[in-house]
Amino acid sequence: MTVMYNAKKTWDFMPMSLDEYNVSEHNGFLSPEPPLKRLPDPYYEPWENLVRYLVQYQLSGGFREMVQQLPLLSVDKLMGLKEYQRAYVVLGFLSHGYVWSLHKEPNENLPQCLSIPFCKVSEYLDINPIGTNASVVLWNWEVLNIGKDKADFPQCDSLSLDSLATLFTYTGSPDESWFYLVSVAIESKGGSIIKYSGEITNSVINKDIPGVISSLESFTKTIVEMTKLLLRMNERCDPYIFYWKVRPYLAGWENMESVGLYNGVHYDGTRCSDSKDQSVNAKQNSATKPCPLSSQDNAGDSKINHNSSQTEPYYRKYAGGSAAQSSLIQLIDILLGIKHYPVDGDALNKSKDPILNQTNGNIINQETSQIPPGNPYLMKMRDYMPGLHRKFLQDYSKAPSLRKFVFESTPDIEKTNLKKPAFFEDIQVEYPKDILNSSDESNTAYLNGNYALNSQVKMQYSLIKAYNKSVSSLGTFRSAHINIVKRYVVDQARRDYTNQTNPEISGNGKTREKFSTEAKANIGTTTDKKSILSSVLDYVTGTNDISPVKDKDNSKKNRPLMDIYEHGLAKLVDDDTVVLGTGGTDAVEFLKNIRDETRDSKI
Ligand code: HEM
């Protein structure tokens, strides 16, 4: 039985109900109920039986042979969204396991037994046919039955990190599970984010300033909780395991020329269009519904070509899995009206922002809706989100803008001394634990002491303050994330492995054991959360420059080919100065830019 979690009333301003977008005020963008642990129809046993032993067959070296023995199964017997989601997860793990098989050269040819059903299932879900945040996070979790208090699903507000488990990993390592589960726990906070977003937008529509302030404060608290969860990555995910053992499996087939995938991957027997139709079937919902393709015979589907030998191979290039594909953070950007720009031409693009271009508080070219993110990479990541979630973001972007409301509702602020930048700088918060108690003593004294100010002005001040705190809390989340990237990607990518043939020795002659000891010393013990926090918060405070240092001796020329494969997703570019993220961008520069745009959005 499907449980209805959403009070539709709050979201009346959207064209569809939350259920129809497959999101909830309970679990955010995670499936509202735990994902299926097996496809119910025994017809799909060949997939289920193989994926269950993915790690074991990888170790045995026989995984690809096992895949090649799979029958070509139809998607006709999949019933409803949850079964399609499960099939997408299974086929994603099988496909990445095939292309990036352990200790083998990447294989650029995805066999029909995977490529054809993977494309059909992805078409139904309106998502790219590759491993994504949806396949490793959103639909890849379960709640352990380890105690009434902890796993009391669905009564608990959000899923406790300590009672979650993954359904699949590529490596079988707890570190990989933890990497996904931290994201699951963060995503589960999306329930509250969606709830408060709906409340805020309703209050904006009703011009209810106290309502906006109250919901914004709860919204901010939730972002702080998300940041604290993000920092727990260090507890049980070793950067070495993540970077050298897990990340290679998450890699996509775009910008992968260096490991031999010059054209991407050939999805044998398929000719689907690469360009994603941004629209989504508005009627598609979580109720049982046949696949739009399932009524057709495979051979009758114009996009499927079974006789692949008669045509040129059709290659596809897709980016690898990344939490940049999370709808949750983009939702927060949309609600707060934070706009991101292409890295090049920044100034040019910013000059077009109607909200940033204000003179004496008057907004030029007023917009009626919220501003969606405009960074090409972030926009591209929407093709890697489930279509219903993408649709949710698109529709929510058209809702009345909170940021515009804050500007329009605070006309008296500039007539007071409160307008001085110094007062508002006090609102800046760079430290999660202080975020809700940040000092604005001077303003408070001013407000309390200045009886000439009426309650209207005080209310306006509180509105700006609540808004800025929310923006700050997102900036803090992004700073914490940059630090994680520094620890898990940049530091690892910079390790000198010249002349090392054994990937277990990750650099500078340090064995994994030595590295782990050193890493633990750096971040404190897992029980010493305060020490982990303070170590991480060194970066959060923004004083550390985490740009990679140029290491001239680290020549790529002599690296064994296998080491380059092991390098996986994030790569040093030719001069070894820059670490590339999934999308082929300079990861750190990109993330700093996004973080700075967030901070700059304070009013
Ligand atoms: C070991 C953990 C993590 C690493 C190494 C990591 C790495 C990265 C990298 C390299 C990027 C740059 C773009 C790309 O390559 O896709 C990125 C972007 C991003 N990541 Fe992570 N990430 C981690 C965990 C997380 C978690 C748990 C979240 C929470 C949802 C998250 C959310 C994001 C978002 C939203 C972006 C897009 C940029 C932004 O909006 O600020 N990441 N990440």
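Two strands pair if DSSP finds at least two bridges between them. That rule opens the first view of this predicted model.

**View 1. Strands β4 and β5 pair in a small set of strands.**
Strand β4 covers residues 265-267. It is joined to β5 by 2 bridges, and the two strands run antiparallel. One bridge can be followed residue by residue: V265 has R316 of β5 as its partner. The sheet holds 3 strands, in the order β1-β4-β5. It is an open sheet, and its pairing is mixed. Which strands stand at the edges? They are β1 (109-110) and β5 (315-316). Each has a single partner strand, so one side of each is left without a neighbour in the sheet. Strands of a sheet pair through backbone hydrogen bonds, either parallel or antiparallel.

**View 2. The whole chain combines helices and strands.**
The chain has 23 helices and 11 strands. It contains 603 residues, and 47% of them are buried. Now take the contacts with a separation of 6 or more: residues 24 or more positions apart account for 80% of these.

**View 3. Helices α19 and α23 pack together.**
Two packed helices are described by the angle between their axes and the distance between the axes. Helix α19 spans residues 455-493, and helix α23 spans residues 587-599. Their axes are 8 Å apart, at an angle of about 170°. Angles over 145 degrees count as roughly antiparallel, so α19 and α23 are roughly antiparallel to each other. On the α19 side, the residues in the contact include V471, L474, G475, H481 and V490. On the α23 side, they include A587, V588, L591 and R599. Which classes of residue make up this contact? It has 10 nonpolar, 4 polar and 4 charged residues.

**View 4. H481 and N483 sit in helix α19.**
H481 lies in helix α19. In an unreviewed entry, UniProt lists H481 under "binding site". Is H481 buried or exposed? A residue is buried if 20 or more other C-beta atoms lie within 10 Å of its own. H481 has 21 C-beta neighbours inside 10 Å, so H481 counts as buried. Leave aside its neighbours within four places in sequence, and H481 is in contact with L230 and L591. N483 also lies in α19. With 22 C-beta neighbours inside 10 Å, N483 counts as buried. Compare its position with that of Q68, 415 residues away along the chain. The C-alpha atoms of N483 and Q68 are separated by 41 Å.

**View 5. Helices α7 and α9 meet through nonpolar residues.**
Helix α7 covers residues 174-188, and helix α9 covers residues 209-231. Their axes come within 9 Å and cross at roughly 175°. The two helices are therefore roughly antiparallel to each other. From α7, the contact uses V182, A185 and I186. From α9, it uses M226, L229 and L230. How do these residues divide by class? There are 6 nonpolar, no polar and no charged residues.

**View 6. Helix α12 is mostly covered.**
How many residues of α12 (residues 327-336) are buried? The count is 10 of its 10 residues. Among them are S327, Q330 and D333. The buried residues also include L328, I329 and L331. Just after α12 comes G337, with a positive phi of about 70°.

Key. Residues are numbered from 1 along each chain as its sequence is written. This is a predicted model: local features need pLDDT of at least 70, side-chain atom pairs count only at pLDDT 80 or more; totals for chains, interfaces and linings use all residues. Axes are lines fitted to C-alpha atoms, for helices over the stretch in contact, and angles run from 0 to 180 degrees between N-to-C directions. Helices (H or I, at least four residues) and strands (E, at least two) are DSSP runs, numbered from the N terminus. Angles under 35 degrees count as roughly parallel, over 145 as roughly antiparallel, 65 to 115 as roughly perpendicular and the rest as oblique. Two residues are in contact if their C-beta atoms, placed from the backbone, lie within 7 Å. Ala, Val, Leu, Ile, Met, Phe, Trp, Tyr, Cys and Pro count as nonpolar, Asp, Glu, Lys and Arg as charged, and the others, Gly among them, as polar. A residue is buried if 20 or more other C-beta atoms lie within 10 Å of its own, exposed if 12 or fewer, and partly exposed in between; C-beta atoms are placed from the backbone. UniProt positions are given in the numbering used here, feature names are shortened, and annotations may be inferred rather than shown by experiment.
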